[in-house]
Amino acid sequence: MTDKQASKAISYYEANADAYLNALKDLVRIPSVSFDGFDKTNLEKSAKAIAELLKSYGFDHVDILKADDSPPYVFAECKHIEGAPTLLLYAHHDVQPAGDPSDWLNPPFEPTIENGRLFGRGTADDKAGIMVHAAAVNAWIKSVGETPLNIKLLIEGEEESGSTHLKQFIQNHRNRLDADTIIITDTGNFDTGAPSITVALRGIVIADVEVKALKQSVHSGLWGGPIPDPVLALNKMLASLVDDDFRINLPGIYDKVAPLSEAAKESIAQLPVTARNDFCMQAGMLAGVELLGDKHPWEMNWWQPTLAVNAFCASNRKDARNIINHSAWARVGMRLVPNMDPNEVAQNLKSTLIDQAPWGVLVDVEIKAAAAPWTTNTEHPVFAAAFHALEKGYQHQALAIGAGGSIGFVEPFVKALGGVPALLIGIEDPYSNPHSENESLSISDFSKAIKSAIFLYDELAQVLTR
């Protein structure tokens, strides 16, 4: 292929950009939540809609597949060139629950455009990822007649609920997944208009802790004083997990945290931000709230372990009564960095919580998740090709960034496919609100991401055939 042919594909995309955006809106209208308790027929409807779309876009083989009782996956191939390199593209069609509809400016599954952004659940995470792949392939086929290399596309149906069946799916269909490079479109850009490749993900440990002291809640006036309060006990336990500088208090937790590499230092130095002010603004911090730590905030977020209380329950606002609650519950989440073993950290967190329990209260700690961190070596030539393609598509310097979040399937997925290079390229930005109310997508970045994908297929065809 040539730059001239890539330009043809770009021109075709630009002439049909509204149609691709409308196709994204149609996918967003399907409430494909994979969590328990939600209508699973919507996942079937979503998979069928995607399969029909991919067939109409020129994919040769499109199948809806499952692993045991998993939600539906969509697998498609676009193979035209014998002996050419192969890309495996990944996105997911399931979405998070909408949350409280009253907190949305518009209904969550009615896509709405405001101020250059498309609002709706799944717009950024991750139905835009599906459309970037599909539109780029379609633009190549419609303008040139074929893609510059062979394409496989895997659309998962349960990423938001933990990719429970992905390992089994890979085992069942391993012979269909061989590729020279994986492109995973489920991450974000450092800022709107600033294309980024994620080269590190933090791992995660999630623990549920419940504290009990009574068979049932009792009147706080009649019984208060000699009876330990489980809510206060749990709060003391949680507070003990960090010191006054917000460093984690688990024994030996920092022993395996490696010093920041020169490559990581360089990537942080290249970030187009005023470190503290921009970080606070993007996070939505309120005036007067302190930013913690003595390091660059993105170093803290990408390359240091962190701990958060994700949820806390003891009675509720509506039913608040003058009682001593019989129990209190919390979910604790930890993010891990390279060299930290998630199973070791999980046991450390569990034993520390139990050891810190006061007044003889009963404590139950259940580990809900333990996933390892992931990093990649950017010396492979596919990374230089990807940076170049992103810069052409966005007309902006491409950045190598870490991610404070976790995508637990990346490390085992890459390992199962023989360790081929993985490019994590997404479309979210700091204002996308994935998982929260009013999720949105920059329409400008959606367009630039598709153009970058068109260029990227051409760039990778060249470097992978050398």
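Me: Which residue follows α4, and what is its phi?
Reply: G145 comes right after α4, and its phi is positive, near 105 degrees. Bear in mind that this is a predicted model: local features need pLDDT of at least 70, side-chain atom pairs need 80 or more, and totals for chains, interfaces and linings use all residues. Residues are numbered from 1 along each chain as its sequence is written, and side-chain values use heavy atoms, without hydrogens or water.

Me: And how many residues of α4 are buried?
Reply: Helix α4 spans residues 123-144, and 19 of its 22 residues are buried, so-called mostly covered. Buried is under 20% relative accessible area, exposed is over 50%, and partly exposed lies in between (1.4 Å probe, protein chains only). Helices (H or I, at least four residues) and strands (E, at least two) are DSSP runs numbered from the N terminus.

Me: Okay, over to β3. How many of its residues are buried?
Reply: Seven of the seven residues in β3 (86-92) are buried. T86, L88, Y90 and H92 point one way, while L87, L89 and A91 point the other way, and all are buried.

Me: Which strand does β3 pair with over seven bridges?
Reply: That is β6 (residues 150-156), in the parallel sense; strands pair if DSSP finds at least two bridges between them. H92 of β3 stands opposite E156 in β6. There is also a parallel pairing of β3 with β7 (residues 181-184), over four bridges, where Y90 stands opposite I184.

Me: There's an open sheet too. In what order do its three strands come?
Reply: The order is β4-β5-β18, with antiparallel pairing. Strands β4 (112-114) and β18 (440-442) are the edges, each pairing on one side only. From one strand to the next, the twist averages 25 degrees.

Me: How many bridges join β5 and β18?
Reply: Three bridges, in the antiparallel sense, with β5 covering residues 117-119. R117 stands opposite S442 in β18.

Me: Which helix packs on that sheet?
Reply: One is α2 (residues 17-28), which touches β4, β5 and β18 and makes about 20 degrees with the direction of β5. Contact here is heavy atoms within 4.5 Å. Axes are lines fitted to C-alpha atoms, for helices over the stretch in contact, with angles from 0 to 180 degrees between N-to-C directions. Helix α14 (residues 443-464) lies across β4, β5 and β18 as well, at about 60 degrees to β18.

Me: Switching to rings: how many aromatic pairs are there?
Reply: The whole structure has 10. Rings of Phe, Tyr and Trp (its six-membered ring) pair with centres within 6.5 Å; planes under 30 degrees apart are stacked, over 60 edge-to-face, and the rest tilted. Y13 and Y20 have ring centres 5.7 Å apart and planes at 20 degrees, so they are stacked. Both of these tyrosines, Y13 and Y20, are buried.

Me: And W298 with W302, why does that pair count as tilted?
Reply: Their planes sit at 40 degrees, with centres 5.3 Å apart, so the pair is tilted. W298 and W302 lie in α10 (residues 297-303), four residues apart, about one turn of the helix. W298 and W302 are both buried, and they form one aromatic cluster with F190 and F279.

Me: Last one, the whole protein: how many helices and strands?
Reply: It has 14 helices and 18 strands. Of its 466 residues, 52% count as buried, and the C-alpha atoms fill a box of roughly 80 × 50 × 45 Å along the principal axes.
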